[in-house]
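The following report describes a structure with attention to confidence, to the contact between chains and to helix packing.

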Amino acid sequence: MRMTTIGGAVTTLLLAMGALGALHGCATAPADDAVAARAAASLKSSFAARGQAGLQRLDQDETQKLCSEYANRPLPASVAEKIQQANLATIRYPADGKLVGDWKNGEKIAQSGQGFQFSDDPKNPAGANCYACHQLSPQELSFGTIGPSLYRFGKLRGFTDETRKYAWGKVYNADAFSACSNMPRFGHSGILTEQQLRDVVALLVDPGSPVNQ
Amino acid sequence: MRKVAAIVIGIVAAAVGGAFAQSSTVDEIAKYREALQDGNPAELWEARGEEMWKTPRGPKHVSFASCDLGLGPGVVKGAYAALPRYFADANRVMDLETRLLYCMVNQQGISEADATKVKFGDGSARRSDFEALAAYVASQSRGVAMNVRVDEPHVHDMYQLGEKMFFFRGGTHDFSCATCHGEDGKRIRLQDLPNLTKTEGAQKAYTTWPAYRVSQGELRTFQWRLNDCFRQQRFPELVFGSEASIALTTYLAGRANGADYNGPAIKR
């Protein structure tokens with residue numbers, strides 16, 4: 001009951017603030033921006049650096065800031081476009097043009113959830129933990145569903161240069177193709193090395209990979 | 001425990017053999033969870049916590065009989081279902097763990113450093129007083145409807161802050177709480193993820209903490225739950241009792257309002 005009443009009051013307030021926002025031509029209401037600013041400051045004082053995870057990890061870049069701001073409201077097409085363009089510009093392709101590595105290493109990287117946690121030893125290679133969110137090789141039954149199934153990724157799209165280039169870009173920076181994707185920006189954020197990116201791309205696009213059987 | 005081990009082996013065999021379809025693997029896990037409900041080791045923490053609650057402690061030799069969890073000194077029945085709440089004596093919103101710490105420091109005369117030496121147990125000799133006390137206090141709200149006073153101004157403020165934090169993306173991987181807990185019917189590997197942005201999901205999840213974690217051999221509190229989520233989010237470490245921990249707890253507990261508290265539960 002209490003929640004319903006509060007919910008009603010909040011809705012009314014939000015509607016009022018929405019009108020105010022439109023009037024001023026800004027994306028969100030000032031009151032909401034103030035709460036967001038307080039939340040960001042409060043987070044800074046609520047965390048402590050530990051292991052490899054320093055407090056700078058709470059400093060949001062423009063993409064993180066915008067995606068947080070619109071997390072529980074529709075993302076306007078213009079903002080989505082802005083985010084995608086900015087992230088598209090970050091994608092770097094290997095100097096030697098070689099986008100496809102060894103799918104067997106790619107499978108290992110896809111299985112591993114190690115890396116970048118304060119409890120992880122930074123000396124060990126990081127994984128991409130693809131199976132946490134995606135189905136890939138059909139032999140692996142323990143897969144998550146936060147992302148779409150990638151089974152037959154290459155086979156469905158064709159084993160072409162275009163598919164290989166798209167796979168590289170998507171793993172490198174998913175926000176370039178889908179603004180505010182749940183997927184980490186493995187290349188842009190320096191999570192995977194160039195060779196690891198090649199190996200994960202191989203898992204997706206190599207005709208011999210179990211993903212494409 | 002032998003029964004549990006046999007079921008675990010059954011699940012692994014099903015997964016490796018691939019003899020079962022995905023849905024039956026999930027069914028097997030549901031059976032495993034059901035079997036675990038038979039005997040919940042959380043009772044051991046509840047008993048230890050009850051003993052601790054009633055025994056004089058610290059330099060001042062005072063028990064928790066004078067500790068007010070919001071319903072009056074020493075009252076535990078139904079207290080957890082109404083936390084976090086605003087405490088005028090401390091002039092802040094507190095969850096159960098921060099309130100327990102407040103009583104340890106201000107009434108029992110224990111230094112904050114000593115009181116917080118073991119925030120989370122390690123599954124063996126290093127045990128946490130907070131985990132035992134939380135198990136006991138929470139158990140005394142079983143069957144009581146969650147009723148966090150989200151209309152109280154201080155609590156409302158924390159709730160709003162917590163909501164913003166829930167959607168805050170950061171770190172090397174761009175994760176927020178909502179990355180895993182913002183949609184219905186999602187899994188990470190085979191683990192079902194509650195959608196905490198929906199009333200039903202928040203109610204089901206929040207009302208089962210604290211919980212005994214089989215994989216860790218420990219009773220875990222909500223402070224631990226948040227701490228370990230942020231570890232996996234690749235954030236720095238969430239400080240025990242920090243404002244963000246209270247804000248997020250307030251947001252999630254508030255969203256669970258109306259549902260009967262049903263813990264301490266048992267989880268994988």
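## Confidence, interface and helix packing

In this predicted model, chain A averages a pLDDT (the predictor's confidence in each residue, from 0 to 100) of 90, and 87% of its residues score at least 70. Over residues 1-26 of chain A, pLDDT stays under 50, and the model has 16 contacts beyond four places in sequence for this stretch; two residues are in contact if their C-beta atoms, placed from the backbone, lie within 7 Å. Residues are numbered from 1 along each chain as its sequence is written, and chains are lettered from A and ligands numbered from 1 in the order in which they are written. Local features need pLDDT of at least 70, side-chain atom pairs count only at pLDDT 80 or more, and totals for chains, interfaces and linings use all residues.

The contact between the chains draws on both partners, as tabulated here.

| Chain | Residues in the contact |
|---|---|
| chain A | 44 residues |
| chain B | 43 residues |

Among the elements of chain B that each supply at least two residues to the side touching chain A are helix H2 (22-37), helix H7 (153-166) and strand S7 (237-238), with helices (H or I, at least four residues) and strands (E, at least two) taken as DSSP runs numbered from the N terminus. Strand S1 (residues 47-48) of chain A runs antiparallel to S7(B) and is joined to it by two bridges, and A:Ala48 has B:Glu237 as its bridge partner in S7(B); strands pair if DSSP finds at least two bridges between them.

Within chain A, A:Trp168 is one of the residues of H7(A) that meet H8(A), where the residues met include A:Leu204.
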